[in-house]
Amino acid sequence: MVILEKRISEEGIVAENDILKVGSFLNQQIDVPFMDALCQEFYNLYKNSNITKVLTIEASGISAATLTALHFGVPCVFAKKSHTTNLSGNLYKSEVYSFTHKCTNIAVVSQDYLSKNDRILIVDDFLANGAALSALIDIVNQAGATLVGCGILIEKLYQGGGNKLRQLGIRIESLAKIKNLYGKNGIEFEN
Ligand code: 5GP
């Protein structure tokens, strides 16, 4: 999506360890109308799929997932990254390695919020190695729900997670696809 690629080119900062920082509009300060325009695109892509819930993982996926859920008129559910005291009852759980924080967490969703009748769209900000998406897909499967597809704002193609999951038949729509990050500010997109 041209507007997203332009914004990444203008404001993105390539940090060490292949991390792209987009804190000025997405990861810390959120440009809400801009984010909403991106989420409208997820709606356009999946509007005929009878989505009943949008699923993401805390923290950085929540803003995009919430705005996307608003377009669909459905709830947004987010997986918590640890077993906190305000989660009770039966839980779906899946292990997830965090690429940015270099640690393993447990993604946890209460069984009250996903069921076999749900048709799920997973939304996240970044797709790199695919660990976060795999954990969310695992949770959808544990619930016996239907995974309709995934909507990703920024996919780093060279880390391979997206293509691994596409080979399993999972529909993944990414609004900006990065072929390579070079040095400080070299960002190459796939057209
Ligand atoms: P994966 O699990 O696919 O390896 O990584 C996806 C998760 O890690 C996303 O939920 C995102 O929060 C974080 N992430 C991965 N790569 C980047 C990056 O380059 N920049 C930022 N800001 N987050 C990233």
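## A tour of helix packing, a pocket and two odd backbone spots

Start with H3 and H4, which sit oblique to each other: angles outside the parallel, antiparallel and perpendicular ranges count as oblique, and this one does therefore too. You're looking at a predicted model, so keep that in mind as you click around.

**Stop 1: H3 against H4.** Select residues 32-46 for helix H3 and residues 62-72 for helix H4; they pack at about 55°, with axes 8 Å apart. H3 passes H4 in a right-handed crossing. Now show side chains. On the H3 side, the contact uses Val32, Met35, Asp36, Cys39, Gln40, Phe42, Tyr43 and Tyr46. From H4 come Ser63, Ala64, Leu67, Thr68, His71 and Phe72. Colour that contact by class and you get nine nonpolar, four polar and one charged residues.

**Stop 2: H1 against H3.** Keep H3 on screen and add helix H1, residues 2-11. This pair packs at about 140°, with the axes 10 Å apart. H1 and H3 are therefore oblique to each other. Pick Ile3, Leu4 and Arg7 in H1, and you'll find them meeting Phe34, Ala37 and Leu38 in H3. The class tally for the contact of H1 with H3 is five nonpolar, no polar and one charged.

**Stop 3: the loop after H3.** Which residue has a positive phi here without being a glycine? Select asparagine 50, whose phi is about 50°. You'll find asparagine 50 in the loop between H3 and E3. Most residues other than glycine have a negative phi.

**Stop 4: the loop before H4.** Move on to glutamate 58 and alanine 59, and check the bond that joins them: it is a cis peptide, with omega about -5°. Alanine 59 belongs to the loop between strand E3 (53-57) and H4. Most peptide bonds are trans.

**Stop 5: the largest pocket.** Turn on a surface and look for the largest pocket, which holds about 840 Å³ of space. To centre the view, select Ser60, Thr100, His101, Asp125 and Phe126, the residues nearest the pocket's centre out of 33 that line it. Elements giving two or more residues to this lining include strand E2 (19-21), helix H2 (23-27), H4, strand E5 (91-98) and helix H5 (131-143). Which strand or helix gives the most? Strand E7 does, with four residues; select 119-127 to see E7. By class, the lining has 17 nonpolar, ten polar and six charged residues.

Conventions:
Residues numbered from 1 in each chain as written. Predicted model: local features only at pLDDT ≥ 70, side-chain atom pairs only at ≥ 80, totals over all residues. Heavy atoms only, no water. Axes fitted to C-alpha atoms, helices over the stretch in contact; angles between N-to-C directions. Parallel < 35°, antiparallel > 145°, perpendicular 65-115°, else oblique. Left-handed = near helix turned anticlockwise from the far one by under 90°. Contact = heavy atoms within 4.5 Å. Nonpolar A, V, L, I, M, F, W, Y, C, P; charged D, E, K, R; others polar. 1 Å grid on protein atoms, 1.4 Å probe; cavity = no way out; pocket = protein on both sides within 12 Å on 5 of 7 lines; lining within 4 Å. Points joined across faces, edges and corners; volume = space filled by probe spheres on them.
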